[in-house]
Amino acid sequence: MKIRRILLALVLAVAGLAVLGGPSSAAPKHSVTYDKYSLMVDGQRLLLQSAEFHYFRLPSPDLWRDILEKEKAAGFNAVSVYFSWAFHSPAPGRYDFTGVRDVDRLLRTAEEVGLYVVARPGPYINAETSGGGFPAWLKTVPGRARSSDAGYTAAYHDWLAHINPILARHQVTRGGSVLLYNVENEYAVNTDAVYMQDLQDTARADGIDVPITTNNCCDAGSWSSTWGSGLGAVQIPGVDDYPQSFECQNADTTWGPWGAGITEKVRDDAPVFAAEYQAGAIDLNNAGYEACRNLTGVPYTKFFQKGNMVLSGATAFSYYMGFGGTNWGWLGQPNDVYTSYDYGAAITEARQLTAKYDEYKRQGYFLRAVPPLTKTDPSAAPAVTGLETAARTNPDTGTQFLLARNTSTTEVTSTLDWNGYSFPVTLPGHDAKVLVSNLDLGGQRLVASTSELYTTAFANRDIAIFYGAEGTPGATVLRYTSEPKVKVLAGTATASYRNGDLRLDYTHHGLTRVLISGGGHRPLLLMLGTDDTAASFWNVDGVLVKGTSLVRAARVDHGTVDLRADTSEAGPVEVFANARTLTVNGKPVPTRTGRNGSLEGSLPGPRGVELPALAGWKQQAEAPEARPAFDDSRWTVADKTTSLSTFAPVTLPVLFSDEYGYHAGSVWYRGRFAGTGAETTVKLNAITGKRGDYLVWLNGRYLGSAKGGVQADSDVPVNPDPGPGEFTIPAGLVKPGETAVLSVLVQNMGNNDDWTAEDSRFRQPRGLVGAAISGISEISWRIQGQARVDPVRGGLNNGGLYGERAGWSLPGYSDRGWPAAGFAAAPGVTWLRTGFSTDLPKNQDTSVALRFGGAIPAGYRVIIYLNGWNLGQYGAAIGPQTDFVLPAGLLRQNGRNTLALAVIAEQTSTVATPQLVVVGSQRGGVPVHDVPA
Ligand code: GAL
């Protein structure tokens, strides 16, 4: 690995091409410094290109490599990672960093893949995770969260004492990948500087020595040395920007309602850091993530991100999200998200690459090809009629970066007078370009181009690829000491030479290939493409490849180039490398050498995949808790009269589930009272967070259901009647003098975040918050939630359904005695189970989902367990989602799988069952082992 990198570096150094790569696994210690322009590693300027990735949303550690390799293949040199306290700590003092929580492994994988890491351990992370990453048990710890209060301080010190040493040993300064350390998250609302300072002092004491950053939202100037007293100031303040909003339903008409998306400069002595730059959206209004992908699609990505590159001068970017993943189990915060956290990102939840990915690749490769962009100052830009222009110039090299944006929605054709030339330019509506002049390109000198630079490479000759929108004019000017020979190998271009400058004029169409030799420079293969033809090239590990659906890694060894690559269909491949033979995924590929000096061959696509039909369902109803005779003597007595929540219970005792140690999913309550026979109504209140509900039985008779309450951010005054439900008691159901039993099943949907650092919002209770029966003054309560923390899947996987407590969701449970399913569900809880065997093709990445057809049911909700893993919830009350991704590893690709559905019905329903579908298949992929179940 190390030798390969040194060789690669030597080849590139000889070629005069700069590559700003990520870390090397065998790398020694490095220094990380910065100045007002950029970060530097060992004194070399770095353009940080990062994509946000949440390992906790992809519970199959082998697939972490898949995502990281996909990010790297798009040109990213870093990932930004939140570390979720809640994900690792099911109870005070209990921490788990094994299996799907093995973050050491995550950081090792990043090192192996060659990506830097922006480590974001919170303690508060937001991220639409339950509690914003705060474990639910923190609700019962005194002391205001996100402050310097003692109780909270002790709690987060324990978290940092666990996570910091792991991050510290993976720092770039110790040969690892962690380049920046991010404290807190958008902590602009609260201003507890002592807390902000302590987070940093603690990190330093724990051995963190890379620069410390924070991501600001609202007051971008926060936590800079010149802000407030200076206490709590970080070294590199970052700024979050979401210019396009989260209104995915308005994707077609929305254009920057939340600002221009130009990252503010906060400190004079630190680089501009776009800590979270919008790259997708949460689906606030249930429009579906394809709408979110449109809202933040290719035009947005071009216009805003390229604009920001030049207008802000930022040299560190992190795009939120690169890959969103899944809110499996009870990981999600209920108010803003449902199971899928696809986010409309460039890589889908099913790990598929989209057209947006191509745009990130175009920009990522460009950034990698232009080291002078790491040090620029604003400069005068030529005016272009009809277009917005702005420029920055590197003071040392004179390289200029010219932004040309079309702020209108219609195509603009105009003229650019630049560097002594007059160029025709055409820009489609809302398109943007960053053009470059005065750049050394390997052994070449670029004077100017109206095409955008895509990438450069060296394989026996210099190679440079430029591109522009299909059908628009392009011109590229290169400098020579004498007139070079120009040979158009493919496509059309006209050449003219004057005073040392070679000018090529052409129309962007397909792929024009021009070989330029002589003229005092090394030969140059210049390729002039379109958005699409440019993006058909991969430049990975210094090897340029046209074709395949993904190049993960490349290696040249003794005249052989070996690619690790995926193909989603059979097709040609062309490889530019100093090699005579080609192997792909270890297999030799016959090739011929083409006119371009490249190796040309063809590759097979994926094999066909057959998935079994889901059949043989068995069914069993549960909810014995509803029956009066059910033995609840081992349940927890609920008799508290106080809580730390600022929410005052509607009635006493306090029934908030967290108070009794039940922090995730469903909770059962049983209340006993001495009946009089005169009772007429049960009046309940429950707070579940959005999308929750509760079901009520009295003496075994189902009384009905109601929606759980949602307290808003700053409900002042607090809603005195949240999640109300009033149920009529049928005459004769309660007998005078006999004990009656009220049973309530509450679907808690996870905890609110604490975005505004208000504490009350995050401490908002879950479960019953009020219970009154007409004419009854005393009810004695017991409560039951999750029985134990699943040792593999963790504390957020299960709630307290009877079936969950009895193991019905687990693959090892024997349902032999269950009858064949009739698919009729009575109000309450009904389970369906089936098994299936899959035998997916080896060395192929097949992404499988569970798909529900027909209309999304309103009368019931379904919790989906694959081999015991809670992979989501389906139902009209939950959201628009009908496909549930079954990640490889949790899905045993070559083996037996168990699927269990817990159907929670509010009314008698006929349950529709799902089918398995293929949502993507590529030959290649990464090896994926079964995750223990
Ligand atoms: C930001 C926050 C992220 C995430 C994002 C929206 O404000 O820092 O954690 O919540 O909004 O998806």
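**Exercise 1. Place Val-561 in this predicted model: which strand holds Val-561, and is the residue buried or exposed?**

Start with the secondary structure: Val-561 belongs to strand S30, which covers residues 560-566. Next, check accessibility. Val-561 comes out at 0% relative accessibility, and buried means under 20%, so Val-561 counts as buried.

Now look at what surrounds the side chain. Leaving aside residues up to four places away in sequence, Val-561 touches Val-543, Arg-555, Val-556, Val-575, Ala-577, Ala-579, Thr-581, Leu-582, Thr-583 and Leu-599. To finish, take a C-alpha distance: Val-561 and Arg-580 are 19 residues apart along the chain, and their C-alpha atoms are separated by 7.7 Å.

**Exercise 2. Work out the order of the strands in the open sheet of 8 strands, and find which helix packs on the sheet.**

Go across the sheet strand by strand. The order reads S12-S13-S14-S17-S18-S21-S24-S23, with antiparallel pairing. The edges are strand S12 (377-379) and strand S23 (494-498), each of which pairs on one side only. From one strand to the next, the twist averages 25°.

Then zoom in on the S12 edge. S12 and strand S13 (residues 388-393) run antiparallel and are joined by 3 bridges. Within this pair, Ser-379 sits opposite Ala-391 of S13.

Last comes the helix. Helix H8 (residues 298-312) packs on the sheet and touches S13, strand S14 (400-405) and strand S17 (432-441). The direction of H8 makes about 140° with that of S14.

**Exercise 3. Describe how H8 packs with helix H9.**

Two numbers are needed here, since a packed helix pair is described by the angle between the axes and the distance between them. For H8 and H9 (residues 355-369), the angle is about 20° and the axes lie 9 Å apart. Angles under 35 degrees count as roughly parallel, so H8 and H9 are roughly parallel to each other. As for handedness, H8 passes H9 in a right-handed crossing.

Now list the residues in contact. H8 supplies Val-298, Thr-301, Lys-302, Gln-305, Lys-306 and Met-309, while H9 supplies Ala-355, Lys-356, Glu-359, Tyr-360, Arg-362, Gln-363, Phe-366 and Leu-367. Sorted by class, this contact has 6 nonpolar, 3 polar and 5 charged residues.

**Exercise 4. Find where Thr-263 lies, and which residues Thr-263 touches.**

Locate the residue first: Thr-263 is in the loop between strand S9 (236-241) and strand S10 (273-278). Being in a loop doesn't settle accessibility, so check the value: at 3%, Thr-263 counts as buried. Then collect the contacts, again skipping residues up to four places away in sequence. Thr-263 touches Val-239, Asp-241, Val-272, Phe-273, Ala-274, Tyr-277, Asn-308 and Ser-312.

**Exercise 5. Track down backbone oddities: where are the cis peptide bonds of Pro-123 and Met-321, and what are the phi values of Asn-419 and Asn-460?**

Take omega first. Gly-122 and Pro-123 are joined by a cis peptide bond with omega about 10°; Pro-123 lies in the loop between strand S6 (116-120) and helix H5 (150-169). Another cis bond links Tyr-320 and Met-321, with omega about -5°, and Met-321 is part of strand S11 (residues 316-323).

Then turn to phi. Asn-419 isn't a glycine, yet its phi is positive, near 55°. Asn-419 is in the loop between strand S15 (412-418) and strand S16 (421-427), and is partly exposed at 34%. Asn-460, also not a glycine, has a positive phi of about 65°. Asn-460 is in the loop between strand S19 (452-458) and strand S20 (462-468), and counts as exposed at 54%.

Definitions and conventions. Residues numbered from 1 in each chain as written. Predicted model: local features only at pLDDT ≥ 70, side-chain atom pairs only at ≥ 80, totals over all residues. Heavy atoms only, no water. Helix = DSSP H or I, 4+ residues; strand = E, 2+ residues; numbered from the N terminus. Buried < 20%, exposed > 50% of the residue type's maximum accessible area, 1.4 Å probe, protein only. Contact = heavy atoms within 4.5 Å. Pairing = 2+ DSSP bridges. Axes fitted to C-alpha atoms, helices over the stretch in contact; angles between N-to-C directions. Parallel < 35°, antiparallel > 145°, perpendicular 65-115°, else oblique. Left-handed = near helix turned anticlockwise from the far one by under 90°. Nonpolar A, V, L, I, M, F, W, Y, C, P; charged D, E, K, R; others polar.
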